[in-house]
Each structure stands twice: as C-alpha cells, then as structure tokens.
Amino acid sequence: MILTKAQYEEIAQCLVSVPPTRQSLRKLKQRFPSQSQATLLSIFSQEYQKHIKRTHAKHHTSEAIESYYQRYLNGVVKNGAAPVLLDLANEVDYAPSLMARLILERFLQEHEETAPSKSVINSMLRDPSQIPDGVLANQVYQCIVNDCCYGPLVDCIKHAIGHEHEVLLRDLLLEKNLSFLDEDQLRAKGYDKTPDFILQVPVAVEGHIIHWIESKASFGDECSHHAYLHDQFWSYWNRFGPGLVIYWYGFIQELDCNRERGILLKACFPTNIVTLCHSLA
Amino acid sequence: MAAVLESLLREEVSVAAVVRWIARSTRGSEDNPGEAAALSSLRPLRKEFVPFLLNFLREQSSRVLPQGPPTPAKAPGASAALPGRPGGPSRGSRGARSQLFPPTEAASTAAEAPLARRGGRRRGPGPARERGGRGLEEGVSGENLPGAGGRRLRGSGSPSRPSLTLSDPPNLSNLEEFPPVGSVPPGPAGTKPSRRINPTPVSEERSLSKPKTCFTSPPISCVPSSQPSALDTSPWGLGLPPGCRSLQEEREMLRKERSKQLQQSPTPTCPTPELGSPLPSRAGSLTDEPADPARVSSRQRLELVALVYSSCIAENLVPNLFLELFFVFQLLTARRMVTAKDSDPELSPGVLDSLESPLFQSIHDCVFFAVQVLECHFQVLSNLDKGTLKLLAENERLLCFSPALQGRLRAAYEGSVAKVSLAMPPSAQAVSFQPETDNRANFSSDRAFHTFKKQRDVFYEVLREWEDHHEEPGWDFEKGLGSRIRAMMGQLSAACSHSHFVRLFQKQLLQMCQSPGGAGGTVLGEAPDVLSMLGADKLGRLWRLQERLMAPQSSGGPCPPPTFPGCQGFFRDFILSASSFQFNQHLMDSLSLKIRELNGLALPQHEPSDEDGESDVDWQGERRQFAVVLLSLRLLAKFLGFVAFLPYRGPEPPPTGELQDSILALRSQVPPVLDVRTLLQRGLQARRAVLTVPWLVEFLSFADHVVPLLDYYRDIFILLLRLHRSLVLSQESEGKMCFLNKLLLLAVLGWLFQIPTVPEDLFFLEEGPSDAFEVDTVAPEHGLDAAPVVDQQLLYTCCPYIGELRKLLALWVSGSSGRSGGFMRKITPTTTTGLGAQPSQTSQGLQARLAQAFFHNQPPSLRRTVEFVAERIGSNCVKHIKATLVADLVRQAESLLQEQLVTQGEEGGDPAQLLEILCSQLCPHGAQALALGREFCQRKSPGAVRALLPEETPAAVLSSAENIAVGLATEKACAWLSANITALIRREVKAAVSRTLRAQGPEPAARGERRGCSRACEHHAPLPSHLISEIKDVLSLAVGPRDPDEGVSPEHLEQLLGQLGQTLRCRQFLCPPAEQHLAKCSVELASLLVADQIPILGPPAQYRLERGQARRLLHMLLSLWKEDFQGPVPLQLLLSPRNVGLLADTRPREWDLLLFLLRELVEKGLMGRMEIEACLGSLHQAQWPGDFAEELATLSNLFLAEPPLPEPQLRACELVQPNRGTVLAQS
C-alpha cells in the first residue's frame, strides 16, 4: 500500500487527538474502508506515538504526576471497580499504559523504601498480579489491555509481526533460491550492523543492485523512515553497499528517493528479480 | 649568454659544440680548438645559457602569443649574466644587446613593454619582488656575478639603474600601450609582486602554494571568472592574498577596456613599423593570419636556434619537456602577430646584427621555428595519445611547412592504439565490512567497538553530505561539516580506534580517488564487477556518452600546481577540519606502511623470451596491475606529503636569513616521516625508478619552502636531477628504460621542478650530473624500468597536463581562442583490478631455488597463477580447518561444559577456570590441524592450477606447477596453523563457553529442543500476532469498559482457541516471546472464564456463558496447555490474588469451575497438588472481604481433602453450608 504524501496526510489528519482504544480503531476503519487494516493500524500507532513523544514531558512533571496520583486515589476510594485510571488517561490525553506506569511508579515510591527499579516496574506491568495492591493491579491491567499503542502486549504483537514478516521473507528468498546470511549468522560472525538478510550473491531489482534486504512490518512514514535511514539503512549501505527495504504495510511514495544512492523501497517482495547468470558471455 | 647565441648564429661555433658545452662541466674532447676557445672563456656562464635561451625565446615570441595561453616558464632570470663579466669577449656588443634583450624588466618597458611582457610584470624595483625578476635585476645592476650566492639573496632590492634607462619612461597610464590580457593596470599594481611571465590567478586548489604566485599559470582564458567564489576554502581560511585579488580586478578592468577598444577601433590601432608585413592588430580582425613557408624571414637563423633549442630539450637541459612542447605548439598555432607600437627607438630597422632584429618577425617565422623543433621531437610526438596525433596530423600549417613530418605523424596516428579515455563514472562505494578485521575481536573493548561502529556511520554521513553539497555555491566544508567531524574525532579515545578509523579512511580514499579526477573506478572494491557483468556493453556506451557530455574544465595549464581534484578534496578537507594530531599521526603511519608495502611489491618483470601473442595478453595484465599500484602509490604519497608537511606550510612568505638558518637547524633534526631517500636510492638501484619516482614526486610536491634546503631532501633532489638528465629519450637500448617509462618520469619530474616551493634555481644551479649517471647496478638485469609498464593511458592519467597540448591544437581547430576549457578530458584508467596478492615468501632451500628456476623460463602468468592458487588455497585451508576441526572441538567443549554444569550444579563454577579445564583438554587436538591442512592443500591445489593454466601447458610443466602450488599452499597454511591454532581454539572455545553460560541464564524458555511443525504443514495457521491481538481484544472487552452492544459469541471464543491450537502446532512464525504472551493470555482467559466475566454476545443482548460451554472452553485450554505449548505456561497465575479476586465480583459466586480446573490441572499433570496447595495457602494472606475469605478457605479444604469429582456442581451456598459430608461421601 504505497500512499502519496497527500493521501497519507489525509489519514493522519483524522488521527489528531484520538485515544488509542479499540473503538477509535473501529471508527478509523469505517472512515477509510479502502485501506488495509494493518496499514491503518500502523499509521495510527505511529501518529499516536509521535503525539506522545511531543507531549510526554508535560505528563512527567512532578506536579502532573502528583495531581494524577491524587485523582487516582480519590477515584478508587469512590469506586475501585470503575475504570479510574483508564478514564484519567483518556481525559488528559495520555496513553493508558504509560499512565499506568506513571501511577505504579508513584505508588511504589510511596509504599517501598527504595525507588523501584525499571525492571521491577516492567515485570509488574507484564504481570500485574505482582502488584501488591489488588485494586491498582486491576486498574493497571485494564489500562494495558485497552491500550492499542503502548504496553507489553502491544510490544509483543509488534515484535511478533516483525518476526513473522522476517520468516515470510526468508521463505520467499528460499523459494527463489537466493542464498543469504541472516541476522543471527551475521551476528555470530561479529558484524556490527546486521540487516535482516545479506545476499551472498547480489541481485538486481528494477535495475538497482541489491546486497541486503531489510524487512519492516510497519508503514514507512517520514519520521520513522528518516530514523531508520540514520540508524540502519545508511549503516548497511556503509558496510554492504546498496540494498532493499520492504515496508510490508506500505510507505509514502515520496520517500523512495534514494534509489540511485543505493536504498530501494518496496511494499512487497519484488517480483522481477534479476540474478547473476554465470553463463553470461 | 647572448654572446654564445651570437657566436652560434655567426657560425663561429657549431650547435653540437654548444650543446656539449652546456651539458658538460668539462670540455668535450671532440670540440675543435677554435670553438673551445670561444666557449671556454664563457665557461662560468655556462649554467646561465639554458635559462637565457628559454627566456629569450619567450621574449621573442611575446608578440605572437599575447592572446593565447601564455607559456609558463620557470627559468630564473636568464639575462642575469648579460653584462656581468668585465673583460668578457662579448663586452663590445653588450650595450646594444642589453637594449635589445634588456636584462631588466625596467629597461625593457621602454623597448617592448606592451608586447613582450605578458602578465604582471614589474614596473619598477620594489622590495617585494618575486623570484622571476630577481636574477634580471641582479644582472643589470652589475654588482653580482651570476652564481648561487647572488641568487640566494631573496628579496634583496637592487638599485634602480638610471644608466640603463633608455628612453622615456613608459606611459603607464595608457592602457592601450599594454596588452589587456594578463597585463597589469597602472597604479597600485606597481608594487605588486610579479614575475616576468604571467601572474597566476589563485584558485581554490592552489591554496597551498599561496605564499608565492605560481609561475605556471593556466591560460587566462581558461580561468573562469567565477573562480574566486571558491577561494575561501583554503585550509587556513584566508582569502586571496591582496596581490592576487587585485589581479582579478585588473582582469576585469582590462576586459572592459578591451571591449571598449574593440568598439572604438575596429582597424589596427598600431603602426606596423617592421618589415611591412601586414600584421593585423590583435584587437583588429578576428581572422587568423595565414602562415606561408615562403615568407619566413631568416631561415638559417631560425634553424640554428631551433636546433640548439631542440638539442637542449633532447638532452634534458630544460626543466620541463612538456612545457617546451607546449610553447612550441603555441608558436605553431599562433594566430596573429602583434605589432610593437611603442617600439624601442634604438631598435632601428637598420641594425642587422644577428640578435638585434627580432627572431620572430612574423607568424611565418614562428610556425617555421615550431615545425623545425617538432621535427626533432617526432619520437615524443608519436607517443602522444591518438587524439593529439590526429590533431597534429590534421594541422594544415604543419602540412604546409613540413609535409614529411605531417606524413610521419599521419602514419603514427594510423598506427596508434593509444586511445586515452575517461573512466567509469564514480559512485561512492563504501568500504565493505570485513569480519576478519572489523569485528569485536579486533577491538580492545565493547565500547571501542561500538564507538567505531558509530564513527563509520558518521563518516559516511559526512561523505554523502559532501557529495550532495560540495558543488553548491556558497557551501563550505568547514561550516557544513567541521564541527561534526571534530565531534566524531573526539570520540576516538582508544588508540586502536584511531588505527581502525584510519584504515577505513585510507581504504575509502583509495577506493574513490585513484584517478586524477577523483572519478576512479573502484579499484579494491567488488561491486562494479557485478555491474559490468550485468550489462557491460550498455554501461560502456553510457559512459562514453557521458564522457562527451561532461567535457570537464581544463586541468589548469601545462604546469598546474598540486591539487586535490574531485573526491580528493573531501579527504583533504576532512583532514583539515578534523585537525586532530592523533589522526594525522595514525594516518601518516598507515600511509607510510602502505606505501612501503606497495612500493616493495614484486611486480612481475618483463621476460623477453615471451612469445608475442601470449606476452601481449599477459602484458595487458601486467600493465594494469602496475597502473593500479602506481596510481595507488601516488595517491597515498600525495596525502602523506600533504599531512607530513602540513605543520610547516603557511601563508607567510618563506623565511630568510638567520630565521631560515635556525629553522634549518631545527628541521634537520626531525627524521623524515618516511625514509624516502633510501627508498629512492633502492628504487634506482633496483631499476624501479618508474614505480618509485612518480609517487615520490607527488610526495615532494607538498613540501614546504624549507624542505629543499635540508640536506636530506637536497640529496633527493640531486638524485632526481641526475635521473632527469640521464633520461635521454633518444638513447634506447636493450635492458634500459622503456621510452614511455622515460616519458612518464620526464613529465612528472618536469612538473615537480615547476612547483613554487622547489627553488627555481635548483635545476640550473645544481652542478650538472656527470655523464655517467649510472646507478650501481647490482640490480637484476631487467628491472621494472626496462619493462613496458607505462602506456599512454597511465601517462595521461598521471600527468593530465600533457593533455593541454591536445587542447591547444583543438583550440586552433575550433578557430576561436575564446572557447576555453571544454576540450580537456579527464583521463582515468578504464580498467582497474584488485591488487594481486602478495607473493608468498619462499624458503631458502634448494627446492625453492629450483622452483624459482622453473619459473624463470616460463611465462610470468604461470608464476602468477601458481602463487595465486597457493595463496588462496592456503587461506582456504585455514578457513576449512576452522569450520571443521575447530568447530568440532567447540562442539565437544559445549558438551563437556554441559556435563560440567550438570555435575557441578547450576552455577558451574568460575568461567575462567572452566575455560582452562576445557582448553587443556582440547588444545592438544590442534596438532591434527597440520595433517589435515596438508591433506587439504594436496587435494585442492592441483585442480585449481589445472583449471587456470592454458590447456596446452605441457604435462611436465603442469605437474611441476601443481606440485609447487601444493608446496607453497601447504607452507603457507601450516605456518599459520602451527603458529595460531592453539590461540584460535582457545578463542573459539572461550566464545562458546560464554555463549553457553549466557544461555544458561535468564531465559530457560529459549533453551531446549523445540519441536518444529510437521513435514506436511503448509504454514497456513493464523499468525501469532493476529491471535495475540484477538485475545487482547477479548480480554479488553471482559475487563471493560465496554459499550452495551459489545461482546463476544461463544462460537468466536471456540474458534479463537481452535486457531490458537493451529498456530501452536505450526511453529513457522512463532517466536518465543509471542508464545510466552499467548500462554499468559490463555491463562488470563481461563481465569475470566472461571469467573464468568466474559460478556457474551447473543440474540438477547448480553448474557452469561453457559456452564457447559465454559467447561468445553476450559477443556480446550487444558489440552492446549498440555499438548501444544512448548514453553512454560504460567498456570500459577490462575491462583493469583487478582484472578481469584475476579470471583469476588460475581454474584452469586460460583466456585465449581475453579475447582474443576484445579482438579483437571492435577489430573493432566500440569500442576502438582503441592504446588496448588502452596498457591492456595498464599491466597489466604491477601485481604479479602470476610465472606469471600471464608468461601476460599472452604474451597481449598475441599480441594485438599477430596479427589476430583466427576461432575462437581458447586455453588457458593453449598460451599458454606455444612453438607460437606455428602460431598465427601461421594469422593
């Protein structure tokens, strides 16, 4: 699903200040029925993350935390079974999972002598049963299962999607008889940067030489693409030469501007791959 | 000096005698007494003759060449000697000559200023004189005898010479008197330092030679007026020196003035006093003056001078062969004669003394002279590139004046194969990552490794940005990238990181910049091979087309200063911006090492026994390899010179006097960065000058002003001068240097002698080399010098300025001197291959000598093949041992370690100790490596040799070659293995141990055998991510909040669990974290089922799940947990306070599903009774509502006391009511 910048912006426009709930997602699907759900979800998630990055700081001032915590306490005193934390997050326009983390941290600070470590917090978020306070455990759990952009479950889903597409790509490469080294093999050899696959014999796609292929199970928007270029794609080019990036959920057409320079974008596995013929005269 | 020329012209002495006289310090025996007498009295002036002659010719030609590109010359003030010797035989005519060929600029202003002096000449003595004018004035003042002492007095002002002022001072404010091009406007220019030849416009590439204006200016017309925009890129951040800036202004003024003149006076503005020949004014008609052999004015005189001049060129008495050729070409293509308007009153037409009338009185004279000289240098001409030959052969003047020469040139053109072409376009390829040198094992710490990882990326980021922007006007390297580069360099803390970075830098440099335009094909890279294989033909055509379209600018005259063209600029600017002492030091170390390595590379030598056809094919390979090595060396040496002399170069003028002495004393203490003197001496001895000298010249071209004064470098210059003199092109003999090799050396040396920092008098003052510049020849009979390793392609690549000749001719053809640039093509090698492998060292034994002898009479390709095979097989052998023997040992180590861990328990003891134990057990097995290696080489080498040698190789030769290859490969492999196998095993085992111990750690789920999906599986199961997502939706619905119309159907739940089963059975897409989350979610789902919390969607809105349905679903879950999950399922979560607490919210509470689940868990062996007991026990500690705690206690008692019921139907009421007896009875 390759979108023009204009198409993409039309979608992004609809996502301003929408809470990351399953209801929002449903509405979005109704609004853009022609787009694939995965693409929409990916865009939604990325837009929301951008929004959170922008506003993150204001939720982390000590005043803000204190006020959220008091509201939480007041809320659960009134009714521990009500979705206090979730409502609070939606009201102040912050991700429920992150709000849960915030309150949990604050709670533990109050109840434990030492400041809780990051790993303890993470572990409690993964398994709220470990949270010493039953009410808070339920509140946190509710936030996590209702957040479709943040939280351990969402992280796992994203990771799984990424992994599944890598497997898919590997199968396609095997099917095409293209021999490759995968990330694990590269790491074992001590490569400092490892694309998903390095082709042992380069191929050409649409006239461009391909030495490596990176699978991205997300939509390639400007922000993420630039970050990937900086952290990954150029690094691969710097070491292995030109390569191919597959954004399985599509990308903004205008971003595919580094073809000549050695980074080719596709939204699916390329169909017309030219391989090196040994019998070439 | 003029006396000599005069004697010659009067035929008092012969040309041969004169040349002998110049060339030798001692009198030649063959000179006749009369000649000897005439010349011997002039002996002290001998050294002055050639500079005099060159300047004389330049002066004489000035009227024909005011418009075209000026001829640079670097002859120190030739007329210096003119009046200098009291009692000299030429004294009588001194006065007249000094007027005719005035020794000083000042004097000449009157005589021929407007015409003879192209370029910024002095208008009067001033303190800031440049070298060009120095000698002249010294001579005129009569105070100094010519000689080193006098010449070394830099900047010594000389008094004005009223006695020699011949006529009215020139009207400096009259612009018309001064030829616009290159002239100096009146006024402020008077104090501007200048040379007698053209002042050099400063371009960005000349920043290093700033303190002096360069002699060897490019043709003015070739200097784009936009040039100054780039001036501030000089490394010192300084703009133009004021003098140069005013030069630009002058040009601008002159341009305006000229256009004014053009408008005002379309007819000749000058009278034509001489000869009555119709000499059109320079500013007049635009047509070229035809040249006619019949109208040459004094043939004999011209012939004589041409002969002397040619002989000087042939004997290498002139500093720069190609500069002289350029001058001659200029004469050949001169368009119009400019008349002397303000002619010297004493230059009366009546004077017929041989030197007192101008040598070139017309275009006819010029062309005649040029053709005379060219005839003497046919051999050089015939070795120029095909394009130049064509233009020469097609030159109508040449045809007209010497049909014979034209015929020979035409024949040479037709026979020439010396097509020089542009290389493939550059596309920056990165240096590829090589685990052998780049992985973690090559770094001292993780931090250093990761820092370098980042640096590599920053380096390329900077490079890409440079590629994008450096051609944009106004973009500045330092401003754009400087701080980023310095920040990156700042991170390089560890010394080892510096060497890594320098290696990357150097490799990238070699990869990008091997050719002069920086557009070099990738030499050491691999990717272009693929490109060319994919469509070599089309690409070739594309590049040829591009070549035509690009037509790059001229390289800056026949003697351009050292520059960093193309991509080289990036690397130069990077070094300057980084301004890191450590980086520079590491870079110099690395460059020196690589230079030594390449310089010492045993390049195959010419073997005359080769048959023609075969040697042809082979020689292409040889030449290619030589070209690659030479170009690499030149590039590396250039950068080494740049960095090494960087601290000593600055914009200030060179020091003089005491300051200079103290600097010399200091600098002579500093050891050279690379012992180039020894390398040069060895190179000369081994007859490898053709390899060593060209890179040495690049290195020296960046020397600062002090360097040539240091004894160490002076020795080098003397050696180079002697070499230069010895390279007489006409002397060719078997075993001596090849013609093109000589030509290359002459070109690069000539260029070096024109570099501003090289003292101009060095060439002429250095006592001439003895005739016998014969290096001690302990050298092999056929050194590299005698091999035809240089071709035109390489010559033009190394010396793109030779192409200026072609440009001159092309300008002539184009008929418009206004069109400049455009014709020069960048010349870069089209074929470049990787460097050959270093030949392996052979041992001293008899076998080795026999092997050497064997190769001696075989074609060189055989030896190369064998060495190549041996090198590769040896290397492969090591890799093979690593992959087999070492890998086996590592596996053994792993299993030993597992045993160890089992016996010693979880901790397994200290890793270091474990490693020692393992290594002591395993390392002895390394001894097998040698036997295995030998076997491998034996097995692999013969086949490879056979495949690579010609089919027709005689069987005996073949088998010998095979055996030698086996021997060499084995030697190489075994040498490596015996030295390194133990360390290798240790390293690999160590890695394996730490891997195993790590895996032992936190993620037990990741370990252990995992079942894959069955063979028949087509991997159509739903994706794990989809399932997690679906289950998450159910969980979120159950936990709420939810809309009234939201819910799930029982069918959906069943379907979901069915899909979960499929996914778990097809493991294609499943990764451990996903499985863990699925397991956790399934437990959460079970808890919600038990607590009846799942909102069911049905016909009558929401309702609760039927008991039977719930049980069926729980059964499915139990079966999944039992059968399909391969990782651990956190079943204890079922009894976590939070999940049990879900029951507290339901009214009425129903406990039977929980009890059912617990019993089933025990039944299926998913949880132990004890485990459940413990969980239930800890539940009691939580805070519960009173009644709930009570019910919970009952449940746990019930579970503990009873075996599972077949169909328990428990309600909360039952639990608390005392009818337990019945329940108990049933069990």
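How are α44(B) and α45(B) oriented to each other: roughly parallel or roughly antiparallel? Here are my notes, keeping in mind that this is a predicted model.

1. Let's take that opening question straight away. Helix α44 of chain B covers residues 1169-1179, and helix α45 of chain B covers residues 1186-1201. Their axes come within 10 Å and cross at roughly 165°. Angles over 145 degrees count as roughly antiparallel, so α44(B) and α45(B) are roughly antiparallel to each other. As for handedness, α44(B) passes α45(B) in a left-handed crossing.

2. Who does the touching in that pair? From α44(B) come Arg1169(B), Ile1172(B), Glu1173(B), Leu1176(B) and Leu1179(B). From α45(B) come Leu1192(B), Leu1195(B), Ser1196(B), Phe1199(B) and Leu1200(B). Sorted by type, the residues of this contact between α44(B) and α45(B) are seven nonpolar, one polar and two charged.

3. Chain B has another helix pair to look at: α18 (residues 446-469) and α19 (residues 477-491), packed at an angle of about 170° with their axes 10 Å apart. α18(B) and α19(B) are therefore roughly antiparallel to each other. On the α18(B) side, the contact residues include Val458(B), Phe459(B), Val462(B) and Trp466(B); among those in α19(B) are Phe477(B), Leu481(B), Ile485(B) and Met488(B). The full contact of α18(B) with α19(B) divides into eight nonpolar, four polar and three charged residues.

4. Now for where the chains meet. Chain B puts 51 residues into the contact and chain A puts in 52. About 4,400 Å² is buried between chain B and chain A, and carbon and sulfur atoms give 60% of that area. If you want names to click on, try Arg464(B), Lys1032(B) and Arg1138(B): they supply 16% of the area that chain B buries against chain A, more than any other three residues.

5. How many salt bridges are there between chain B and chain A? The count is six. For a concrete case, Asp468(B) forms a salt bridge with Arg261(A), and the closest N and O atoms are 2.5 Å apart.

6. Across the whole structure, a search over all chains finds 50 salt bridges. In chain A, the side chains of Glu206(A) and Lys266(A) meet in a salt bridge, at 2.6 Å from N to O. That pair links distant parts of the chain, 60 residues apart. Glu206(A) is in the loop between β3 (197-205) and β4 (208-216) of chain A, while Lys266(A) is in strand β7 (residues 263-266) of chain A.

Terms used
Residues are numbered from 1 along each chain as its sequence is written. Chains are lettered from A and ligands numbered from 1 in the order in which they are written. This is a predicted model: local features need pLDDT of at least 70, side-chain atom pairs count only at pLDDT 80 or more; totals for chains, interfaces and linings use all residues. Side-chain values use heavy atoms; hydrogens and water are left out. Axes are lines fitted to C-alpha atoms, for helices over the stretch in contact, and angles run from 0 to 180 degrees between N-to-C directions. Helices (H or I, at least four residues) and strands (E, at least two) are DSSP runs, numbered from the N terminus. Angles under 35 degrees count as roughly parallel, over 145 as roughly antiparallel, 65 to 115 as roughly perpendicular and the rest as oblique. A crossing is left-handed if the near helix is turned anticlockwise from the far one by less than a right angle, and right-handed if clockwise. Contact means heavy atoms within 4.5 Å. Ala, Val, Leu, Ile, Met, Phe, Trp, Tyr, Cys and Pro count as nonpolar, Asp, Glu, Lys and Arg as charged, and the others, Gly among them, as polar. Buried area is the accessible area (1.4 Å probe) that two parts lose on being put together, summed over both. A salt bridge is a side-chain nitrogen of Lys or Arg within 4 Å of a carboxyl oxygen of Asp or Glu.
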